[in-house]
Amino acid sequence: GDLKSKLTADPVDANHKALLQDVLKFHVISGATAIMTANLPATPTDVDTLSAGNLLTLKANAPEIKADDVEATVSIADVTATNGVVHVVNKVLFPASCSRTVVDIATGSTDHTTLVQLLTAADLVATLSIDTVGTGYTVFAPTNAAFAKIDTAITNCLRLSANKDHLVNLLKYHVVGSTVVAG
């Protein structure tokens with residue numbers, strides 16, 4: 001859920017652009033030789049991608065490619081181009097560098113520093129850091145600008161340990177206990 005929103009959000013944002021580039025590079029095998037399906041090895045083989053340090057596993061039997069536990073089937077193979085070959089797959093695969101929790105995404109955003117501070121004060125960082133791909137959380141993450149619209153005295157009051165229960169309840173209004181994607 002959160003990754004899709006990151007990829008489809010404001011395309012000008014440098015963080016979004018870098019994430020999208022990494023996903024796209026993960027679909028390109030590095031090397032000078034185009035790999036045709038007839039040349040696939042009989043046993044599953046890891047190959048380097050243009051996404052630094054991320055490998056794809058090629059399988060000749062379907063043919064399929066695999067990233068972590070997600071397999072994509074090649075539906076159209078061996079479409080030759082002047083600069084390589086294209087194999088059409090039925091899924092978007094994400095490199096390990098994109099396997100981030102909602103907390104990872106929030107802490108990597110300069111627009112969510114207040115949210116991260118409040119999650120920390122509420123002791124919710126560990127809960128929202130649990131990696132349960134596909135069954136995790138959807139967070140409607142208020143930006144720093146959204147928090148700036150609240151009286152500073154209220155935000156500071158919520159940060160006090162005596163008000164932790166109130167802070168937890170406020171933050172829970174922004175979390176759905178399942179993955180929800182747009183559209």
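Which residue of E3 does Thr-57 stand opposite? The partner is Lys-66, and the strands around this pair make a convenient way into the structure, which is a predicted model in which local features need pLDDT of at least 70 and side-chain atom pairs count only at pLDDT 80 or more, while totals for chains, interfaces and linings use all residues. Residues are numbered from 1 along each chain as its sequence is written, and side-chain values use heavy atoms, with hydrogens and water left out.

The protein chain contains 8 helices and 7 strands, where helices (H or I, at least four residues) and strands (E, at least two) are DSSP runs numbered from the N terminus. The mean pLDDT, the predictor's confidence in each residue on a scale from 0 to 100, is 80 for the chain, and 79% of the residues reach 70 or more. Among the elements, helix H1 (residues 2-8) has the lowest mean value, 58, and H6 has the highest, 93.

Thr-57 also has a partner in the other direction, since it is the residue of E2 that forms a bridge with Asp-46. Strand E1 (residues 45-48) runs antiparallel to E2 and is joined to it by 4 bridges, and two strands are said to pair if DSSP finds at least two bridges between them. E1 and E2 form a hairpin with 6 residues between them, and in its turn Gly-53 has a positive phi of about 80 degrees. E2 pairs with strand E3 (residues 64-67) as well, again in the antiparallel sense, over 3 bridges. Of the 5 residues in strand E2 (residues 55-59), 4 are buried, where buried means under 20% relative accessible area, exposed over 50%, and partly exposed in between (1.4 Å probe, protein chains only).

Ahead of E1, in the loop that follows helix H2 (14-25), lies Thr-43, which counts as exposed because its relative accessibility is 53%. Thr-43 and Ala-60 are 17 residues apart in sequence, yet their C-alpha atoms are 7.1 Å apart in space.

A further pair of strands brings nonpolar side chains to the surface. Ile-76, Val-79, Val-86 and Val-88 form a nonpolar patch with about 280 Å² of accessible area together, and the elements that give two or more residues to this patch are strand E4 (70-81) and strand E5 (84-89). Such patches are made of residues with over 30% relative accessible area and no salt bridge, like charges being joined within 9 Å and nonpolar side chains (Val, Leu, Ile, Met, Phe, Trp, Tyr) within 5 Å; a salt bridge is a side-chain nitrogen of Lys or Arg within 4 Å of a carboxyl oxygen of Asp or Glu. Areas come from the Shrake-Rupley method with a 1.4 Å probe, and for residues only the protein chains shown count as cover. Ile-76, found in strand E4, is partly exposed, with a relative accessible area of 46%.

Among the helices, H4 (residues 113-121) has Thr-114, Leu-115, Val-116, Leu-118 and Leu-119 as its buried residues. Their cover includes helix H3 (102-107), helix H5 (125-128), helix H6 (144-148), helix H7 (152-159) and helix H8 (164-172). Thr-155, in helix H7, is buried because its relative accessibility is 9%, and it touches Leu-118, Phe-147 and Ile-150, not counting residues up to four places away in sequence; contact here means heavy atoms within 4.5 Å. Just after H4, Asp-123 takes a positive phi of about 55 degrees.

Over the whole chain, 28% of the 183 residues are buried, and 58% of the accessible surface of about 11100 Å² belongs to carbon and sulfur atoms.
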